[in-house]
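The exercises below ask you to read a structure step by step, and each task is followed by a worked solution. Try each task on your own before reading on.

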Amino acid sequence: MEEKIQYSASDISISPMTESDFMLLSDFCCGEPEIDEFFHEEVSLCSKYKYLIPYKCTFNETGEIVGAFTLAHDVLRLEYEDKQYFPNLSTEYDGIFQRQTSYPAINIGHLAVRSDMQSKGLGGIIVGFVQMTFANYRMSGCQFVTVDALNNPRAIRFYYDKAGFEFQTVADSGSHTRRMYLDIFTLPNN
């Protein structure tokens, strides 16, 4: 039986993309046409106009791009019943948290792992990187990580089962994407 390779954070580097990286993405393929098209045709323009910041995930040994994702500031709106259980919330902050109508967040967009590298732990490393970066980020507030996940079994299984995201609403269960969120101080389950 073939051994399943799993990578760790020490195997890869994550950094913002540069103009030269956009050219390298022409051969990048995650197998999801909508996301591949974004990285092949739109990411450069979206980056130029500061709609988002694109990041690359590269192997330390070879420098090859094995993953890509984007980050943008976001806001999360929660209903009263959704605010009741946050295990990492300090009791001293609970009153303030309950009174808020929206919460600062960072949105992971277009998360893609090269098709031959999927199911090897790279997506979890990327989510962990975002969580740790923004849990320690001292430039602006951030309480949650959000994602508008493609509504397909594989994406939902990754975000919900493996990374610990929660659905923001059931109203989008039949939509193309599902809005999900993760408490910034909850460590990944992978």
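**Exercise 1.** Find which residues form the negative surface patch, and decide how exposed E34 is.

Solution. The negative surface patch is formed by E34, E37, E41 and E42. Here Asp and Glu count as negative, and Lys and Arg as positive, while His and the chain ends are not counted. A patch is made of residues with over 30% relative accessible area and no salt bridge, with like charges joined within 9 Å; a salt bridge would be a side-chain nitrogen of Lys or Arg within 4 Å of a carboxyl oxygen of Asp or Glu. Next, place E34, which is found in helix α2, residues 33–48; helices (H or I, at least four residues) and strands (E, at least two) are DSSP runs, numbered from the N terminus. Finally, E34 has a relative accessible area of 42%, so it is partly exposed, given that buried means under 20%, exposed over 50%, and partly exposed in between, with a 1.4 Å probe and protein chains only.

Before going on, note that this is a predicted model, in which local features need pLDDT of at least 70 and side-chain atom pairs count only at pLDDT 80 or more, whereas totals for chains, interfaces and linings use all residues. Residues are numbered from 1 along each chain as its sequence is written, and side-chain values use heavy atoms, with hydrogens and water left out.

**Exercise 2.** Find which residues form the positive surface patch, and place R154.

Solution. The positive patch is formed by K4, R154, R157 and K162. Of these, R154 lies in helix α5, residues 153–162, and its relative accessible area of 45% makes R154 partly exposed.

**Exercise 3.** Describe how strand β4 pairs with β3 and with β5.

Solution. Strand β3 (residues 65–77) and β4 run antiparallel and are joined by 10 bridges, with G67 standing opposite V113 of β4. Strand β5 (residues 144–150) pairs with β4 in the parallel sense over four bridges, and there T146 is the bridge partner of N107. Two strands pair if DSSP finds at least two bridges between them. As for its surroundings, β4 (residues 102–113) is largely enclosed by the rest of the structure, because nine of its 12 residues are buried.

**Exercise 4.** Compare the places of K50 and H110, and state what phi each has.

Solution. Most residues other than glycine have a negative phi. K50, however, has a positive phi near 60°, and H110 has a positive phi near 55°. K50 sits in the loop between α2 and β2 (53–59) and counts as exposed at 64% relative accessibility, whereas H110 is in strand β4 and is partly exposed at 28%.

How values were computed: Patch = residues over 30% accessible without salt bridge, like charges linked within 9 Å, V, L, I, M, F, W, Y side chains within 5 Å. Areas by Shrake-Rupley, 256 points an atom, 1.4 Å probe, with all protein chains shown as cover. Charge placed at Lys NZ, Arg CZ, Asp CG, Glu CD.
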